[in-house]
Amino acid sequence: MGKTKHTGPIKLDTRPEPSLWAGLAPLGIGRIKPHHVKDSLKAAWDNKDNLPYAYRILTEGVCDGCALGVSGLRDQTLRGPHVCTTRLNVLRLNTMGAIDDKWLEDVESMKKLNSTELRKLGRIPFPLSRKKGEKKFTRITWDEALNRIAAKIKSINPRQLAFYLTARGITNEVYYTAAKTARFLGTNNIDNASRICHSPSKTALKRSLGIGASSCNYKDWIGTDVLVFWGSVAANNQPVSTKYLYAAKKAGTKIIMINPYREPAMENYWIPSIPESALFGTKIVDDVYQVNIGGDIAFMNGVMKHWMEMERESRGSAVNHPFVNEHTNGFQELKYHLMKQEWSELESSSGVSKERMLGFARLLADAATGVFVWSMGLTQHRFGTDNISQVVNLALLRGFLGREKCGVMPIRGHSGVQGSGEMGADPFVLPGSDFNEENAVRMEQLWGFPVPRWQGDSIGQTLENVLLREDHERKVKLFYTSGGNFLETMPDPEAMMHILESVEMRVHQDIIFNTSTLADAKEEVIILPAMTRYEQPGGGTSTSTERMVYFSPEIEGPRIAEARAEWDIYIDLASRVHPERKELIQFNNAQEIRREIAAANRNYDGIQVLKEKGDFFQWGGAWLCEDGVCPTPDGRGSLLPIEIPQNRKTEGQFYVTSRRGKQFNSMIYSEKDPFNGAGRYDILINQADAVKLRIQEGESIVACNKFGTFQGYAKYGEVKLGNIAVYWPEGNVLLPKGVFEKYAKIPEYNTTVIVEKAETFHAHKDKRYVERRIEELELAVE
């Protein structure tokens with residue numbers, strides 16, 4: 001994929017630079033900001049019963065927080081130690097003891113707790129069963145648990161069996177054995193957490209460039225001319241990356257944020273490990289372009305239209321013609337598409353003026369290098385794949401690909417999730433390849449058993465299939481999930497509860513309880529205690545955002561007596577379903593799995609030699625598509641004309657999106673957002689919009705649509721006019737169930753709502769009023 005190798009970490013320039021300071025007040029006194037020292041002390045207190053073990057995890061293991069890929073306390077971007085509060089928050093999951101047995105005797109009491117409270121109860125201690133109507137969990141043996149699951153699998157059509165793997169510290173070895181087990185059992189219904197975050201990134205990068213991962217490295221941020229963040233808050237979701245942003249600022253990089261909300265953490269941040277920044281803070285972004293929620297495609301079309309108009313005046317002033325001519329297809333088609341766009345529609349959809357779009361167009365046109373970074377702000381839409389292809393269009397037209405300080409990067413928020421699809425834990429791929437006849441034959445030759453040829457379903461479709469008629473061949477009757485909490489990650493929690501309770505048998509393989517594990521099932525719920533990545537015999541590997549494959553060793557420390565390595569559980573189960581050919585699914589240790597991964601996925605040749613703390617390699621080299629050559633049939637990237645999505649609303653309605661606070665995925669660690677002081681039920685709204693509705697800050701307000709009603713409190717914030725933001729997962733009641741993106745099948749996480757004072761909404765909550773308001777909303781959202 002690329003011949004140039006990553007050259008390793010560089011030294012951070014820590015010389016004081018007052019022009020970058022966020023203010024003169026020491027330690028940000030009087031500002032709303034995270035309190036890193038306080039949070040670190042709290043983490044130490046939470047882990048006080050196992051401090052030596054916690055220290056070994058931090059200094060020897062690979063971070064199980066975000067996907068920056070910190071191994072021990074070091075990474076491949078900057079020299080020196082790195083640690084963040086996200087990692088410290090997650091740490092307790094690995095060090096706490098087992099839950100008190102008394103809780104297992106009273107499920108109704110457990111159901112009164114939220115997931116934060118359930119998490120603090122402790123680890124799952126041993127296999128458990130709860131049949132329909134039972135009010136307690138019953139302890140069972142591993143043999144009983146796996147034999148019951150195996151019996152159920154044998155009694156149903158393989159198409160009625162589905163697997164799902166979350167991203168909580170799961171290793172490549174687990175993803176791979178799960179993918180192999182699913183096919184061994186005859187099902188292609190296997191999916192992973194990227195389906196609800198970055199699946200459009202992989203899908204778009206594949207169709208535009210032939211790749212499925214970041215084309216560049218974090219080091220490319222440092223010194224690039226322009227670094228653009230689309231719908232991504234690195235300071236909140238990948239805190240260590242703020243050191244890279246600091247380094248980039250020192251190197252003269254212009255940092256741009258494109259977001260409906262002026263994220264305070266991207267404007268100013270106090271980086272605790274850099275004395276200058278810890279004292280006075282650091283100005284991060286140089287400019288902010290506030291687009292409408294869902295307005296990114298129109299914004300990018302406007303930028304490219306400006307480029308085409310600039311080209312009329314002076315050829316080469318905006319488009320890198322040598323790169324485009326040699327390395328892309330579709331330029332004339334894209335140009336024709338752009339020139340027929342109306343500026344009025346581009347401005348209306350994007351929420352950005354023609355003049356502001358011109359400013360961004362000129363900034364990129366004047367840059368010799370650029371890196372584009374994005375996250376869920378672009379992917380979690382019903383047109384997420386098209387959003388990403390637009391970003392790639394910009395990169396291709398400027399030649400920002402396949403060379404130093406250039407590239408496109410879907411920044412991952414979960415450790416190891418990059419490897420999930422690369423290991424084949426995905427309905428649309430096999431290990432290291434697409435799901436097609438050629439690769440199915442290839443895997444059959446390696447595995448020694450047939451690979452089913454029918455198309456598996458994504459997790460959203462799988463959950464919908466639970467409600468199919470009883471005799472339907474795809475009605476999911478056994479749902480097996482490694483981690484995950486669908487009540488708090490999927491739209492429409494009430495409908496999701498109905499789905500979970502309609503499955504005949506659910507298996508939750510996990511380390512802790514959450515609200516989903518307590519949902520009833522038609523027949524039985526079985527809970528299996530899993531090991532963390534630091535407990536797995538023989539260690540494990542995870543793949544970072546920049547395609548670094550790190551080895552995380554087994555770390556000495558206390559253990560949950562009956563917890564097992566997740567890859568071992570999958571193999572044991574498969575062997576019980578088909579004992580007559582169990583030798584085809586056997587692995588004796590983790591090293592054997594890594595050897596087979598190297599054979600199954602050609603990019604992972606090198607994983608088989610990882611076995612010691614600090615071992616790693618990067619697949620694909622420093623830059624994918626190096627020198628502009630893409631792994632496509634003709635070696636070229638594709639410039640794709642993208643239509644502006646229908647995303648209309650009428651007067652008095654708002655676009656709404658979800659936002660993350662102090663949390664890791666759905667695990668919430670504080671009721672207050674440390675970056676803006678908002679509570680979990682605050683609704684972020686522009687003050688000008690609020691004034692029009694006569695809404696005061698702190699006043700109780702309601703956001704409603706045909707999907708649900710969310711009552712919260714008005715919180716003034718620098719949100720784009722006509723847009724609001726609610727916290728996730730609390731605001732999921734407003735999101736539509738069963739709406740999936742066309743290509744990547746990600747659920748829709750954005751919608752349109754009416755906002756009113758709570759007293760007005762409740763005072764006029766008669767049938768005719770509600771029906772009329774909802775009818776207005778339906779006319780706007782088509």
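Arginine 139 sits in strand 2, which spans residues 138–139. This is a predicted model, so everything described here is computed from its coordinates. Leaving out residues up to four places away in sequence, arginine 139 touches Phe126, Pro127, Leu128 and Glu562. With glutamate 562, the contact is polar: the two side chains are joined at 2.4 Å. For a sense of scale, you can also look from arginine 139 across to threonine 253, 114 residues away along the chain; their C-alpha atoms are separated by 58 Å.

Let's step back to the annotated region. The unreviewed UniProt entry carries the annotation "domain: Molybdopterin oxidoreductase" for residues 123–575. In the model, the span 123–575 is 39% helix and 16% strand, and its end C-alpha atoms lie 27 Å apart.

Now follow the chain to strand 17, residues 524–529. What lies on either side of this strand? Strand 1, residues 128–131, pairs with strand 17 in the antiparallel sense over 4 bridges. Within that pairing, serine 129 has isoleucine 526 as its bridge partner. Strand 16, residues 505–510, runs parallel to strand 17, and 6 bridges join the two. Here methionine 505 stands opposite glutamate 524.

Is strand 17 mostly covered or mostly open? It is mostly covered, with 6 of its 6 residues buried. In a regular strand, side chains alternate between the two faces of the sheet, so it is worth checking each face in turn. On one side of strand 17 are Glu524, Ile526 and Leu528, and on the other are Val525, Ile527 and Pro529; all are buried, so both faces are covered.

From here, turn to the nonpolar packing. In soluble globular proteins, nonpolar side chains tend to be buried together. The largest nonpolar core in this model has 138 residues, and the members that touch the most others are Ile149, Trp230, Phe299 and Trp307. Which helix gives the largest share of this core? Helix 14, residues 296–313, does, with 8 residues.

Phenylalanine 299 makes a good place to pause and look around. Setting aside neighbours within four places in sequence, phenylalanine 299 is in contact with Trp230, Ile258, Tyr289, Val291, Ser350, Val352, Met357 and Phe360. There is also a second, separate core of 36 residues, whose members include Ile274, Met409, Trp623 and Phe675.

How values were computed: Residues are numbered from 1 along each chain as its sequence is written. This is a predicted model: local features need pLDDT of at least 70, side-chain atom pairs count only at pLDDT 80 or more; totals for chains, interfaces and linings use all residues. Side-chain values use heavy atoms; hydrogens and water are left out. Buried means under 20% relative accessible area, exposed over 50%, partly exposed in between (1.4 Å probe, protein chains only). Two strands pair if DSSP finds at least two bridges between them. A nonpolar core is a set of buried Ala, Val, Leu, Ile, Met, Phe, Trp, Tyr and Cys residues joined through side-chain atoms within 4.5 Å. Contact means heavy atoms within 4.5 Å. UniProt positions are given in the numbering used here, feature names are shortened, and annotations may be inferred rather than shown by experiment. A polar contact is a pair of N or O atoms within 3.5 Å; within protein, one must be able to donate a hydrogen and the other to accept it, and residues adjacent in sequence count only if both atoms are side-chain atoms.
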